[in-house]
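Trainee: Before we discuss this model, could you take me through the reasoning behind the terms that will be used for it?

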Amino acid sequence: MRKKLMMGNWKMNTCLKEAVELASGIKRLLKEDVFEKVSVAICPPFVYLLDVKDVLEGSDIKLGAQDAFYEASGAFTGGISAGMLKDVGCDYAIIGHSERRHIMGETDEIINKKLRACLKEGLTPVLCVGELLNQRESGQTGSVITSQVRNGLKGFSADDIRRMVVAYEPVWAIGTGKTATQAQAQEVHNMIRGLISGIAGPAVAGEMLILYGGSVKPENIKELMSAPDIDGALVGGASLKADSFEKIVKYY
Ligand code: PEP
């Protein structure tokens, strides 16, 4: 039985005061019994990681970053390495989010290198994949997801892949208020699990957490989580309010 994982992706939101207040609110609302059922992580902007880490002291809520650069150190102005993220207390890093693929121009090759850097430093990378609206409408969802998964995971062993999480985030559903139906999400999640099985074997595929992301809200979480291959959620907008994130985490 896979334990669900709920992750909040704050994106480029909050000021320092708001970040501390939001983390404090989430900590206050999520008590011990929650963590027996669900794992929880929040991913604030890089510059607030240490402050949020302080707030989370004594709680089972984990800290995640929204990206990690693939080099360990050196002349990479603006870069934040996976080792630095580990050093400040992160357990997770979101890698290949659609906003980084489509706005910052990240390729599967870059994403592959970032995944490798995360594993090397002991961070759990969350590999994000997802199709654009025109790709879905022209029947390319399967081929887009297949190539993002295959290229992202190129060169990794089954043991490496066992230490990753995958998030299916249809780009047309991110921040649009338009959620994939349970059937649409389940179909792709099942396909991803099949791909992982082909690459890393059925045991790794059976253990792998595959999160759904795209306008997850308190109103739709329960239905999404009842699909057999949906193992949690990567939540953007609705993770910016402590009470809506609480409702998502406590979907059960
Ligand atoms: C995301 O940030 O990955 C996301 C899915 O955003 P939203 O929940 O706002 O659609």
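Mentor: A polar contact is a pair of N or O atoms within 3.5 Å; within protein, one must be able to donate a hydrogen and the other to accept it, and residues adjacent in sequence count only if both atoms are side-chain atoms. This is a predicted model, in which local features need pLDDT of at least 70 and side-chain atom pairs count only at pLDDT 80 or more, while totals for chains, interfaces and linings use all residues. Residues are numbered from 1 along each chain as its sequence is written, and side-chain values use heavy atoms, with hydrogens and water left out.

Trainee: What makes the approach of Gly 236 to an oxygen atom of the ligand a polar contact?

Mentor: A polar backbone atom of Gly 236 is 2.8 Å from that ligand oxygen, and the cut-off is 3.5 Å, so the pair qualifies. Backbone N or O atoms of two other residues also lie by ligand oxygen atoms, that of Gly 237 at 2.8 Å and that of Gly 175 at 2.6 Å. The protein buries 96% of the 290 Å² that the ligand exposes when taken alone, areas that come from the Shrake-Rupley method with a 1.4 Å probe.

Trainee: How do you know that Cys 43 is in no disulfide?

Mentor: A disulfide is a pair of cysteine sulfur atoms within 2.5 Å, whereas the nearest cysteine sulfur to that of Cys 43, belonging to Cys 90, is 7.8 Å away. The structure holds zero disulfides.

Trainee: Why is Cys 43 called buried?

Mentor: Cys 43 has a relative accessible area of 0%, and buried means under 20% (1.4 Å probe, protein chains only; exposed is over 50%, partly exposed in between), so the term applies.
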